[in-house]
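Take a look at the chain below. This report walks through a few of its parts.

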Amino acid sequence: MEDSILYERENVKWKEQGFTLEEHHAKGLVFDSLLGGNSSGPGVGAKGGSTRSQGAQAPGICAAAGLGRDAIDSLIVSSKADTTLDAIKSLSKRLTPASTVVLLQNGQGVLDLLNTRLFPDPETRPNFIIASTTHGAYRRNRLHVVHAAFGTLNFAIVPNPARAPRGYEHLLVQNHKLLDVGAIPSDPHSTLTLQRTVATLLSLPLNVTWQPIREMQLTVLKKLVVNACINPLTALAECRNGDLFGNGPATDTMRSICAEASTVLIAQARAAAARDRLDDPEGAEERLAQAEEVFKPGGLLSEALDVARLTSQNISSMLQDIQSNRGSTEVEFINGYIAALGESMRIPTPVNLNLARLVTLKATRAGRGPIRRGVF
Ligand SMILES: CC(C)(CO)[C@@H](O)C(=O)[O-]
């Protein structure tokens, strides 16, 4: 089906054409992907798209560029963290070691899940880019997207143990600041699409920045803690982000979330430093010092409070999930991730664990309406 997508930004609308819209079915969800690009060879140029669900909502973007119904060169996935495995599974036969997948989810753990469940062999795994954005967007309808708030988009290339175990930036960065896109090998059987996807991302008018993977890990983990503070509390209290700011019980709970997250993330950084010390003692100490600074509990809390204030009018994505009655949220990839990481290192995280349980309880109850008085 030939289709177009309507974009809206600051009261200006425009139409992007030349996409093919495809529907994929998985676990009761219907994912849409918009296919762009040409059939003459590998190339990127994906412009956007949507994932749609019937019955349950699974909003997001899944855009692909490549060779028609066959192999996909470049796939940009922004479905919710908890639906991403199913979204990619429905396309996995068309993903090859020569494909590149850009992941744009809240939370952590999606890539590990994809690698374990869909792509266990690094030799046959597609190239992965992880990205994180502060742009705000929502859909008016299936193929009509509103870009509501201008932000930033940061991304990093994920190292592949079979191709470039130390990542491409190890070879490409000069003074740790410059990524030479042209130096990513242009092998059509492996990294040509990676090179082209990176070039395309950098050309987008979306305030895009490349980050070395280690720096990006700090960025996404900091965002994880912000989401761990704002999302479950707004979802449980059914309030806007700004209602948390200056509220005593909310601030106290956020303080506990940050204290647990800080202990767990610093313990993880210490374990990584212990491993890295053999290979690169100086770098290991430098990275550990950086992580200890970034994950200080006070700094995490003030970052979360700042974001709550700056996005005061927002309805958080987790509250939107509850309101749309889709029966699930991203909480397992946010507070659940912190709790699981804590468990793996025998560090108790009761606040994050119980918030994840409460949000899950609420999500599974959503849509059933309030209980009626006197009815047993
Ligand atoms: C930053 C944030 C909490 C703002 O609403 C957003 O990441 C969200 O809603 O998930």
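The sections below cover a strand, a pair of helices and two nonpolar cores in a predicted model.

## Strand β5 and its partner

Start with strand β5, residues 72-77. Here 6 of the 6 residues are buried, so the strand is largely enclosed by the rest of the structure. Buried means under 20% relative accessible area.

Strand β6 covers residues 100-103 and runs parallel to β5. The two are joined by 4 bridges. Across from Val 77 stands Leu 103 of β6. Helix α1, residues 81-89, completes the picture: β5, α1 and β6 form a right-handed β-α-β unit.

## Two crossing helices

Two packed helices are described by the angle between their axes and the distance between the axes. Helix α6 spans residues 248-276, and helix α11 spans residues 350-365. Their axes come within 8 Å and cross at roughly 115°.

Which residues of α6 meet α11? They are Thr 253, Ser 256, Ile 257, Glu 260 and Ala 261. On the α11 side are Pro 350, Val 351, Asn 352 and Leu 355. Sorted by class, this contact has 5 nonpolar, 3 polar and 1 charged residues.

## The nonpolar cores

The largest nonpolar core has 42 residues. Met 254 and Phe 295 have the most contacts inside it. Elements that give two or more residues to this core include α5, α6, α7 and α11.

Phe 295 touches several residues beyond four places away in sequence, among them Leu 218, Leu 221, Ile 266 and Leu 300. Lys 222 and Ser 262 are also touched by Phe 295.

Another core, of 22 residues, lies apart from the largest one. Val 77 belongs to this second core, as do Leu 111, Ala 156 and Phe 333.

Technical notes: Residues are numbered from 1 along each chain as its sequence is written. This is a predicted model: local features need pLDDT of at least 70, side-chain atom pairs count only at pLDDT 80 or more; totals for chains, interfaces and linings use all residues. Side-chain values use heavy atoms; hydrogens and water are left out. Buried means under 20% relative accessible area, exposed over 50%, partly exposed in between (1.4 Å probe, protein chains only). Two strands pair if DSSP finds at least two bridges between them. A crossover is right-handed if, with the strands pointing away from the viewer, the path from the first strand over the helix to the second runs clockwise. Axes are lines fitted to C-alpha atoms, for helices over the stretch in contact, and angles run from 0 to 180 degrees between N-to-C directions. Contact means heavy atoms within 4.5 Å. Ala, Val, Leu, Ile, Met, Phe, Trp, Tyr, Cys and Pro count as nonpolar, Asp, Glu, Lys and Arg as charged, and the others, Gly among them, as polar. A nonpolar core is a set of buried Ala, Val, Leu, Ile, Met, Phe, Trp, Tyr and Cys residues joined through side-chain atoms within 4.5 Å.
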